Amino acid sequence: MIKKEYLYLAGVLNENEYYNEGSKNVNCDICNKHAGNQYVDGATKMGPWANMCLDCWKKHGVGKLGIGSGQLYDNETGQQLEGGTSSKKKISGE
Ligand SMILES: [Zn+2]
């Protein structure tokens, strides 16, 4: 799966999509099970980003949420719950 950051940089996603909406009903990239009610799209200790169920995130995630670390999403609505920013300075630098 192509990560949102790359899509954003390529101009595929608009800012609203990037900052407020994640995927819905995702499966965990690590255990391949449905991620449950919430999932983290975040960096792993190995480096690459992944959609992770909370169990896998606790084991393989970098241990925090935030810019450059990961975001928590509601897996039913795709709404970002934690770890993002309302600022648009993250990538654009404007
Ligand atoms: Zn998992």
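**Close-up views of a predicted model**

**View 1. The largest nonpolar core of this predicted model.** Eleven residues make up this core: Cys28, Ala35, Tyr39, Val40, Ala50, Met52, Cys53, Cys56, Trp57, Leu72 and Tyr73. At least two of them come from each of β1, β2 (49-53), α3 and β3 (70-74). Strand β2 gives the largest share, with three residues. One member of the core is Trp57. Beyond four places in sequence, Trp57 touches Val40, Gly42 and Met52. Of these partners, Val40 and Met52 are also listed in the core.

**View 2. The chain as a whole.** The chain holds four helices and four strands. Read from the N terminus, their order is α-α-β-β-α-β-β-α. The chain has 94 residues, and 22% of them count as buried. Take the contacts with a separation of 6 or more: 39% of these join residues 24 or more positions apart.

**View 3. Ile30, in the loop between α2 and β1.** Ile30 counts as partly exposed because it has 18 C-beta neighbours inside 10 Å. That count falls between the limits of 12 for exposed and 20 for buried. Leaving out residues up to four places away in sequence, Ile30 touches Ala50, Met52, Cys56 and His60. Three of these partners, Ala50, Met52 and Cys56, appear in the largest nonpolar core. The C-alpha atoms of Ile30 and Cys53 are separated by 8.2 Å. Along the chain, these two are 23 residues apart.

**View 4. Lys33, in the loop between α2 and β1.** Lys33 counts as exposed because it has 11 C-beta neighbours inside 10 Å. The limit for exposed is 12 or fewer. Apart from neighbours within four places in sequence, Lys33 is in contact with Asn27, Cys28 and Cys53. Cys28 and Cys53 belong to the largest nonpolar core. Between the C-alpha atoms of Lys33 and Met52 the separation is 9.4 Å. The two residues lie 19 residues apart along the chain.

**View 5. Asn25 and positive phi.** Asn25 sits in the loop between α2 (15-20) and β1 (38-43). Its phi is near 50 degrees, a positive value in a residue other than glycine. Asn25 is exposed, because 10 other C-beta atoms lie within 10 Å.

**View 6. Asn32 and positive phi.** The loop between α2 and β1 also holds Asn32. Phi of Asn32 is near 65 degrees, which is positive in a residue other than glycine. Asn32 counts as exposed, because it has 10 C-beta neighbours inside 10 Å.

**View 7. Confidence along the chain.** The average pLDDT of the chain is 81. A score of at least 70 is reached by 68% of the residues. Among the elements, helix α3 (residues 54-60) has the highest mean pLDDT, 98. The lowest mean, 44, belongs to helix α4 (residues 89-92). Over residues 86-94, pLDDT stays under 50. For this stretch the model has seven contacts beyond four places in sequence. Where pLDDT is low, predicted coordinates should not be read in detail.

Note on methods
Residues are numbered from 1 along each chain as its sequence is written. This is a predicted model: local features need pLDDT of at least 70, side-chain atom pairs count only at pLDDT 80 or more; totals for chains, interfaces and linings use all residues. Helices (H or I, at least four residues) and strands (E, at least two) are DSSP runs, numbered from the N terminus. pLDDT is the predictor's confidence in each residue, from 0 to 100. Two residues are in contact if their C-beta atoms, placed from the backbone, lie within 7 Å. A nonpolar core is a set of buried Ala, Val, Leu, Ile, Met, Phe, Trp, Tyr and Cys residues joined through C-beta atoms within 7 Å.
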